[in-house]
Amino acid sequence: MKRGKGMKFVGDSRVPINNRKPNIPKDYSEYPGKTEAFYPDFLLKEWMVGAVFLIGFLCLVVVEPPPLERIADPTDTSYIPMPDWYFLFLYQLLKYSFASGPYNILGAFIIPGLAFTALLLAPFLDRGPKRRPLDRPFATGFMLLAICAIFYLTWEAAGHHDWEAAKKQGMIREVVEVDKEDPAYKILEANTCLSCHGGNLEGGSGPPLAGTKLSVDEIKDIAKNGKGSMPPGIFQGTDEELQQIAEFIKSIEK
Amino acid sequence: MSEQRVTRRQFLSYTIMGVGGFMAVASVMPMLRMAVDPVLQVEAGGDFIATTVKVDELTNEPTRVDFQFEQEDGWYTSNVTQTAWVYKDDKGEIIALSPVCKHLGCTVNWNSNKDHPNQFFCPCHKGLYEKDGTNVPGTPPRGPLDRYKYKVKDGVLYLSRRASAVRGA
Amino acid sequence: MLNKVYDWIDERLDITPLWRDVADHEVPEHVNPAHHFSAFVYCFGGLTFFVVVIQVLSGMFLSMYYVPDIERAWESVYYLQNQVAFGQIVRGMHHWGASIVIVMMFLHTLRVFFQGAYKKPRELNWIVGVLIFFVMLALGLTGYLLPWDMKALNATKVTLDIAQSTPLIGDMLKTLLSGDEHIVGAETLTRFFAIHVFFLPAALLGLIGLHFLMIRKQGISGPL
């Protein structure tokens, strides 16, 4: 009664050897061809693939530093959120009118729920003995459809997202406290300038005004006539006030 | 074939160890380097902190001096108060002793115990030190009290952030 | 010396069969990339596991420098990324690894699906695999909040809104996840942290253990 390197037992109460699963390697003789032992032959090949993969992975890590945006600010409501890329297809699905509003349940639960349940139960939905993709057209077809849908939705979400603006809105900014008691600051507040340009003029959905290189006249012009996505006519005050805020903005150093 | 020094199996084993070793080192090395970073940091605390004590006011008698500085602890910055027992010795040299007992880190006090006048006394385990910080043999401490480095500028006493051990005392 | 230590243990515990079973099992030709290059599709599962190992290790090391608190979380991440040697690399491994693991798992799932490898007798292993997929997605979701930057907070708000729109139990579910009925803040962060660092990894390890056990028991599915 010797197994392995041979063991002797005192007061033997263990399960007799016959009842234990014999330690015979799995037999692959039904698949004729070259089989090889897991260790060391096959493991070496696996690890070589692993090593090459690791080199590629580390190159990616070194080249692309992980992003970190500015610290979360619950009061900043102008931020447009974006999930991680592998949730984009779900995020995009919820944008469609048939999957949002009154049909939110459809987009948020029924469609993804059905898809994931089908994935989970695939072996019970596709029960035939055939394994080749072409021999089971329904399984293959639905999966291809799902993959196309995921790729399409992800593409739509990523393609219509303004990545430049997203990068800007999340950037870590140097915030310099401005004098909030200044009368010009009150005028800015009253004309809703701060909701886009930030409470310290550090920028938000609009560009930062602190440390701007524009001249006083240019600032006055933009405040009245707008620029880019800023519509004209936002500033409603008098010319005197306009001069006041332009000088105030100009006076703020970065 | 049986006389070859390295068998095929051995060769494969060595290669596996090599490849596995590479994977382990390449993936874990950055993590270990990050973990040991604090050990490899060079202490930057070379600067001296101004106290409120004028050097002229110091006497032969140890007085308690508190001084504050801003301490950076990773991502956390705080104000820390350090304490020193400062006096001038017979030669006029300034001595600034740390109040941290060299036994288990309690705080010692000067002249606080009636049985041991003119000695530093630690209430935790009755540790005793002479005035110059030397531990009294037969009491728990394992060495003399640490000393702060000092500097005098415009008559004001400056002390180092941390006290350092007295060597060979 | 090592041999003697091994013999001493083996004499008492009979450990030889344990590793011999793993080491000696024959691997069939059709999964071996050295014989057919197309067999590289069989590597995706192993690579997924490899990245999971990297994720677990880098996560353990990152937690040396991280605090799950809304006032300090961002500061600590900023510190470890910019002040600690190799902090940026280790955080990069964890950040990009999270994406790579999803990609690899996706490819592995497709390989198994299109080969019909989930058919009898391997139905249970497929189910465990899909559960692993869900756990991974949940890990990505909870981990997204931890740096406590703008995108973390706002993406989590969206996630919680979706949870809230669940019929019947929505409000309760949201409160359960965020720790407060209205605020996404301190209690949300600690909850997500606990889920990301303890609950989900524990589930993941159990499921992966089952996954491997079943593969050993059933062997790899034959060629098409």
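How many residues of chain B are in contact with chain A? Eleven residues of chain B do so, and they touch ten residues of chain A. The model is a predicted one. This briefing takes the contact of chains A and B, the helix packing of chains A and C, and then chain C itself.

**Chain B against chain A**
- Eleven residues of chain B meet ten residues of chain A.
- Sorted by class, chain B's side of this contact holds six nonpolar residues, four polar ones and one charged one.

**The annotated domain in chain B**
- An unreviewed UniProt entry places "domain: Rieske" on residues 86-159 of chain B.
- In the model, strand makes up 31% of residues 86-159 of chain B, and helix makes up 0%.
- The C-alpha atoms at the two ends of residues 86-159 of chain B are 10 Å apart.

**Helix packing between chains A and C**
- Helix α1 of chain A spans residues 38-63, and helix α5 of chain C spans residues 87-114.
- The two helices pack with their axes 9 Å apart, at an angle of about 120°.
- That angle lies outside the 65 to 115 degrees that count as roughly perpendicular, and it is not over 145. α1(A) and α5(C) are therefore oblique to each other.
- The crossing of α1(A) and α5(C) is right-handed.
- From α1(A), the residues that take part are A:Phe57, A:Leu60, A:Val61 and A:Val62.
- They meet C:Ile89, C:Gly92, C:Met93, C:Trp96 and C:Ile100 in α5(C).
- By class, the contact of α1(A) with α5(C) counts eight nonpolar residues, one polar residue and no charged residues.

**Chain C: fold and dimensions**
- Chain C has nine helices and one strand.
- Read from the N terminus, its elements run α-α-β-α-α-α-α-α-α-α.
- The radius of gyration of chain C is 22 Å, whereas a compact globule of 224 residues would be near 17 Å.
- Along the principal axes, the C-alpha atoms of chain C fill a box of roughly 55 × 50 × 35 Å.

**Chain C: annotated transmembrane regions**
- UniProt (unreviewed entry) lists "transmembrane region" for residues 39-67, 96-114, 126-146 and 193-215 of chain C.
- Residues 96-114 of chain C are 100% helix and 0% strand in the model. Their end C-alpha atoms are 27 Å apart.
- Residues 193-215 of chain C are also 100% helix and 0% strand. Here the end C-alpha atoms lie 32 Å apart.

Notes: Residues numbered from 1 in each chain as written. Chains lettered and ligands numbered in written order. Predicted model: local features only at pLDDT ≥ 70, side-chain atom pairs only at ≥ 80, totals over all residues. Contact = placed C-beta atoms within 7 Å. Nonpolar A, V, L, I, M, F, W, Y, C, P; charged D, E, K, R; others polar. UniProt positions renumbered as here; feature names shortened; annotations may be inferred. Helix = DSSP H or I, 4+ residues; strand = E, 2+ residues; numbered from the N terminus. Axes fitted to C-alpha atoms, helices over the stretch in contact; angles between N-to-C directions. Parallel < 35°, antiparallel > 145°, perpendicular 65-115°, else oblique. Left-handed = near helix turned anticlockwise from the far one by under 90°. Rg over C-alpha atoms; globule rule 2.2 N^0.38 Å.
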